[in-house]
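Here's a quick briefing to read alongside the model. Pull up the sequence and the structure, and let's walk through a few spots.

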Amino acid sequence: MNRRNFVRNMTASASGVLLGAGLLQDAAAQPKYRGDREERMRTIMRYRKLDAHVHLGLSNDPPELNVDFAERLGIDRMYLSKPVTRGPGAPEDFRACNDVILAAMKKYPGRLGGMLTLNPQHPKESLEEIKRCLGEGMTGIKVYYQIKINDPLFYPIIEKSIEHKLIILMHAEASLGIGGYRMKYDQKIKPNTSRPEDFIEAAKRYPEAMLQYAHTGGGPDWEYSCKALAPYPNVYVDVSGSNNENNMVEFAVATLGVERVLFGSDNMYYQSVGKIIDARLTEEQKKKIFFDNYNNILKKGGHHVS
Ligand SMILES: [Zn+2]
């Protein structure tokens, strides 16, 4: 690819939706979307969508911004969360985060759902918070880097999730990939961030639990992650994140089976919709990824969308 084509492709891909997975393809072979935006949007709006990984309040954006993207991209419902991103996550901190989500759910019922956050280092308060937030209509658990998913402190949380048939969305990374390869850039990864190996240990211990490996498009070694997680049918992956590498979604489907691949944006809305729209998959497969797979997960706890 010469420099001019490279620059042109980079420019086009800044708008994600227009060029979901095409960076590695010859520019000349790209469909010409110029003047075809309406048709493009019709294609996008044809699919019902549930966003299985999306946040509110990580910056100071109001829920109106989520709703705006949901309307523009035909996302039926967003399952919002607000993990504790600063400090260790004291009970008053995770309760405050969940209150932000609950307020948004009340303001936009139907459009905005919620996943609660907690910190297993505070077992009693975390279990109480599950009870409180479920009572208020939340439908899953979102956890971050404070404790690894296979830490014994997580056992009572996972057991509670099994009891209530809730999926646990766990932040993840896999910078240590095949052959021990480590990314050369310092990503400031927290030492307790869960890796595929940690998910596997938890999945083996609790085969009835539903675990969601976060954002294959968020920077991990996605090939390594999918291959490692493949033998464990209770681990799902969401393809959210700003990385649109060619073949990412197709690889997840081929490795894990389509039912274990979920649409999520992680607030990278255009890229995350575009990478599924442009994936070399059938209509039926795209429908499952955008909507049916997550709805089937919600159905287990009686929280599905009709
Ligand atoms: Zn996220």
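**Briefing notes**

The second largest cavity is lined by L118, P120, V143, Y144, Q146, I147, F154 and M170. Keep in mind that this is a predicted model, where local features need pLDDT of at least 70, side-chain atom pairs count only at pLDDT 80 or more, and totals for chains, interfaces and linings use all residues. Numbering runs from 1 along each chain as its sequence is written, and side-chain values use heavy atoms, with hydrogens and water left out.

**Cavity**
- A cavity here is a set of points on a 1 Å grid over the protein atoms alone where a 1.4 Å probe fits but cannot get out, and lining residues have an atom within 4 Å of a point.
- The structure has two cavities of 30 Å³ or more, and the second largest has a volume of about 30 Å³; volume is the space filled by probe spheres set on the grid points, which are joined across faces, edges and corners.

**Zinc site**
- Zinc gets its protein donors (N, O and S atoms within 2.8 Å of the metal; water is not among the atoms, so sites may look incomplete) from H53 (NE2), H55 (NE2) and D266 (OD), at 2.0 to 2.3 Å.
- The donor spacing in sequence reads H-x1-H-x210-D.
- H53 sits in strand β1 (residues 50-55) and D266 in the loop between β8 and α10 (269-277), 213 residues apart; strands are DSSP runs of E, at least two residues, and helices are runs of H or I, at least four, numbered from the N terminus.
- H53 counts as buried at 1% relative accessibility, and D266 is buried too, at 18%; buried means under 20% relative accessible area (1.4 Å probe, protein chains only).

Notes
1 Å grid on protein atoms, 1.4 Å probe; cavity = no way out; pocket = protein on both sides within 12 Å on 5 of 7 lines; lining within 4 Å. Donors = N, O, S within 2.8 Å, 3.2 Å for Na, K, Ca; no water. Buried < 20%, exposed > 50% of the residue type's maximum accessible area, 1.4 Å probe, protein only.
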